[in-house]
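Please examine the sequence and the structure shown below. The paragraphs that follow lead through them step by step.

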Amino acid sequence: MTKSNSRESQYAIDPLFLDRWSPRAFTGEVIDESVLLTILDAAHWAPSSANQQPWRFVYALNGSEDWSKFVDLLVESNQEWAKNASALIYVVSRSFNGDFSEGRKSYTHSFDAGTAWGYLALQARLSGFYAHGMGGIKHEEIHKAFSIPESYRVEAGVAVGRLADKSVLSERNQEREVPSQRKSLSEVAFRGKFIAN
Ligand SMILES: Cc1cc2nc3c(=O)[nH]c(=O)nc-3n(C[C@H](O)[C@H](O)[C@H](O)COP(=O)(O)O)c2cc1C
């Protein structure tokens, strides 16, 4: 078992997996673009089906002229705290393999992009930052704002920032500012059978 912050794994995993969590209290400090690109570099070394690398990342840095445009594309409840991140990223995936004209729809583009987001979150931690995924984004508006074709899927947003004291948050979010727990492994890992639960 491994223990870190308020978490404890059943087996001896690397503490990095427990140390990654999704805080909302961010300092709003400026991030060097090379640090963000380090995080995205790690993300794009994720494995993908037939090495199609379907992930795409559209990003803005806090303090840059496009920051408010990126913040506005989050749902309001996420804007409230994510505006204090150092970077915002929209993760997009390409839903066709190879040449669009061949029309080969990918089965795994979202799965692959999800792996890349996982790598992103772990590298963020290794770089001294935290990454917080967000499904609460304005998908259609993001398509329009960046002229993203329908053959790409807008997957999720990610806020990357440095941890601040939780007093920067609303009362409701202060209560939620704690590393979450997990189901027991036996509820999700089944030897030789499937259990619907
Ligand atoms: C794809 C995805 C979408 C999420 N959407 C939101 C969101 O819109 N707003 C939010 O505050 N947290 C969001 N979260 C954070 C999850 O609630 C969080 O990851 C989960 O509770 C597990 O907690 P942990 O990341 O701290 O381990 C999202 C996470 C993921 C991976």
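An oxygen atom of the ligand lies 3.0 Å from a polar backbone atom of Gly136 in this predicted model. The protein covers 63% of the 620 Å² of accessible area that the ligand has on its own. Two further backbone contacts involve nitrogen atoms of the ligand. At Gly135, a polar backbone atom is 2.7 Å from a nitrogen atom of the ligand. At Gly133, the distance between a polar backbone atom and a ligand nitrogen atom is 3.0 Å.

The surroundings of the ligand may now be considered as a whole. The ligand is surrounded by 15 residues, and the closest are Arg7, Arg20, Ser22, Arg24 and Gly135. Sorted by class, this shell holds 7 polar, 4 nonpolar and 4 charged residues. Which elements supply at least two residues each of the shell around the ligand? They are helix α4, which spans residues 76-82, and strand β7. Strand β7 gives the largest share, with 3 residues.

Strand β7 leads from the ligand to the sheet. This is an open sheet of 4 strands in the order β3-β4-β8-β7, and the pairing is antiparallel. Strands β3 (55-61) and β7 (130-134) occupy the edges and have a single partner strand each, so one side of each is left without a neighbour in the sheet. From one strand to the next, the twist averages 25 degrees. Strand β7 thus has two roles in this description: an edge strand of the sheet and the source of the largest share of the ligand shell.

Within the sheet, the pairing of β4 with β8 can be followed in detail. Strand β4 covers residues 87-94 and strand β8 covers residues 152-161; the two run antiparallel and are joined by 8 bridges. In one of these pairings, Ile89 has Val158 in β8 as its bridge partner.

A helix completes the picture of the sheet. Helix α2, formed by residues 33-43, lies across β3, β4 and β8. The direction of α2 is at about 165 degrees to that of β3. Of the strands that α2 lies across, β3 is an edge strand of the sheet, while β4 and β8 are the strands joined by 8 bridges.

Conventions: Residues are numbered from 1 along each chain as its sequence is written. This is a predicted model: local features need pLDDT of at least 70, side-chain atom pairs count only at pLDDT 80 or more; totals for chains, interfaces and linings use all residues. Side-chain values use heavy atoms; hydrogens and water are left out. Two strands pair if DSSP finds at least two bridges between them. Axes are lines fitted to C-alpha atoms, for helices over the stretch in contact, and angles run from 0 to 180 degrees between N-to-C directions. Contact means heavy atoms within 4.5 Å. A residue is near a molecule or strand if one of its heavy atoms lies within 4 Å of it. A polar contact is a pair of N or O atoms within 3.5 Å; within protein, one must be able to donate a hydrogen and the other to accept it, and residues adjacent in sequence count only if both atoms are side-chain atoms. Accessible areas come from the Shrake-Rupley method with a 1.4 Å probe; for residues, only the protein chains shown count as cover. Ala, Val, Leu, Ile, Met, Phe, Trp, Tyr, Cys and Pro count as nonpolar, Asp, Glu, Lys and Arg as charged, and the others, Gly among them, as polar.
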